[in-house]
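Got the viewer open? Let's take a walk through this chain, one selection at a time.

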Amino acid sequence: MDDFWALPPVARTWTALTFLTSCCVYGGVISGARLIFAPSYVFKLPVPELWRIFTSFCITGSDWAVLYDTTLEKESPRFTRPGDFFVYILFLGVFILATAGGVLGGYTFLSPMILALAYTYSQDNRRKKVNFFIVQLEAKWLPWAMLVAALVLGGPYAMMYQGTGIIAAHLYDFLTRLYPIFGGGRNYIQTPKIITRWFGGEVKRAQSKGFGTSFAPQAQQATRPSNGFSTAFSSPWSSRGQGRRLGGD
């Protein structure tokens, strides 16, 4: 249990929901037909079944795949602020729902989501060695190996269905990194302040000045008189003793 609670918040919550949902479905506790994505039920009036949007990402297939969300949420340089990874997951989910669900008629989306996570992981760890079945390869080839496996095991439809995850992840990478850095454009996918606060982050407060805009620091520490101990930001004299006046006792 200690390992579970040590997971970052998004990965921990998603793992728990996936485990519980899949156990309930395959254990016969609840029918999977009530949890899969079905537009006619999602948008049904007067009572839309909106939970299907979320539970369709929490039902596994015949086997469990390795999720890369823990590594991405904790270590990826893309997600430096609280809530960035959550917004990334939301973006992937909306795109996969629109393509794999709306265009291709899919009803569970954990497989394309895993492929999306694997693609982002491969971009952050291009030279790292990973194992895929019995083959060791560089991480940059991992999503394409998974896509070929989907083609061999499931046919062209499975490849297109899971390939929507790669397209979603690449689109996120383009809008947040490639276009702003290399194209001189603006990053329009910003983490809202309410989500940053929700994940425990501090939002800098902007203050209008006559010469522009300044940002107040997140927290300020009270200064104390030196007592002989030095700090990383102290001057060479701050590590001296209190001293005495020349000529005094």
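Start with α7 and α8, which are roughly antiparallel to each other. Keep in mind throughout that this is a predicted model. Select residues 110-124 for helix α7 and 142-154 for helix α8: the two pack at an angle of about 150°, with their axes 8 Å apart. Angles over 145 degrees count as roughly antiparallel, so this pair falls under that label.

Now show side chains along that contact. On the α7 side, pick Ile114, Leu115, Ala118, Tyr119 and Ser122; they meet Leu142, Pro143, Trp144, Met146 and Leu147 in α8. Colour them by type and you get nine nonpolar residues, one polar and no charged.

**Zoom out for a moment**

Switch to cartoon and show the whole chain. You should count 10 helices and four strands. Running from the N terminus, the order is α-α-α-α-α-α-α-β-β-α-α-α-β-β. Of the 249 residues, 37% count as buried. Among contacts with a separation of 6 or more, 57% join residues 24 or more positions apart.

**Into the core**

Next, select Phe85, Tyr88, Ile89, Leu92 and Phe109. In the largest nonpolar core, which has 43 residues, these touch the most other members. To see which elements feed that core with two or more residues each, highlight α2 (9-26), α6 (84-103), α7, β1 (129-132), α8 and α9 (156-182). In soluble globular proteins, nonpolar side chains tend to be buried together.

**Ring hunting**

How many aromatic pairs does a search of the whole structure find? The search turns up 15. For one of them, select phenylalanine 86 and tryptophan 198: the ring centres are 5.5 Å apart and the planes sit at 90°, so call this pair edge-to-face. Phenylalanine 86 belongs to helix α6 and tryptophan 198 to helix α10 (residues 193-198), so the pair ties together parts that are 112 residues apart in sequence.

Stay on tryptophan 198 and turn on a surface. Buried or exposed? At a relative accessible area of 62%, tryptophan 198 is exposed. Add phenylalanine 199 to the selection: its ring and that of tryptophan 198 have centres 5.4 Å apart and planes at 65°, so this is an edge-to-face pair too. Phenylalanine 199 is partly exposed, with a relative accessible area of 26%.

For another group of rings, select Phe79, Phe85, Tyr88, Phe91 and Tyr172, which form one aromatic cluster. You've already met Phe85 and Tyr88 in the nonpolar core.

**Three loop stops**

First, the loop between α3 (39-42) and α4 (52-55), where you'll find proline 46. Check the peptide bond from leucine 45 to proline 46: it is cis, with omega near 10°.

Then jump to the loop between β1 and β2 (135-138) and click phenylalanine 133. Phenylalanine 133 isn't a glycine, yet its phi is positive, at about 55°. Put the surface back on and phenylalanine 133 counts as exposed, at 68% relative accessibility.

Finish in the loop between α5 (69-75) and α6, with serine 76. Here the relative accessibility is 6%, and under 20% is what buried means, so serine 76 counts as buried. What is serine 76 in contact with, leaving aside its neighbours within four places in sequence? Show Thr71 and Asp124 to see both partners.

Technical notes
Residues are numbered from 1 along each chain as its sequence is written. This is a predicted model: local features need pLDDT of at least 70, side-chain atom pairs count only at pLDDT 80 or more; totals for chains, interfaces and linings use all residues. Side-chain values use heavy atoms; hydrogens and water are left out. Axes are lines fitted to C-alpha atoms, for helices over the stretch in contact, and angles run from 0 to 180 degrees between N-to-C directions. Angles under 35 degrees count as roughly parallel, over 145 as roughly antiparallel, 65 to 115 as roughly perpendicular and the rest as oblique. Contact means heavy atoms within 4.5 Å. Ala, Val, Leu, Ile, Met, Phe, Trp, Tyr, Cys and Pro count as nonpolar, Asp, Glu, Lys and Arg as charged, and the others, Gly among them, as polar. A nonpolar core is a set of buried Ala, Val, Leu, Ile, Met, Phe, Trp, Tyr and Cys residues joined through side-chain atoms within 4.5 Å. Buried means under 20% relative accessible area, exposed over 50%, partly exposed in between (1.4 Å probe, protein chains only). Rings of Phe, Tyr and Trp (its six-membered ring) pair if their centres lie within 6.5 Å; planes under 30 degrees apart count as stacked, over 60 as edge-to-face and the rest as tilted.
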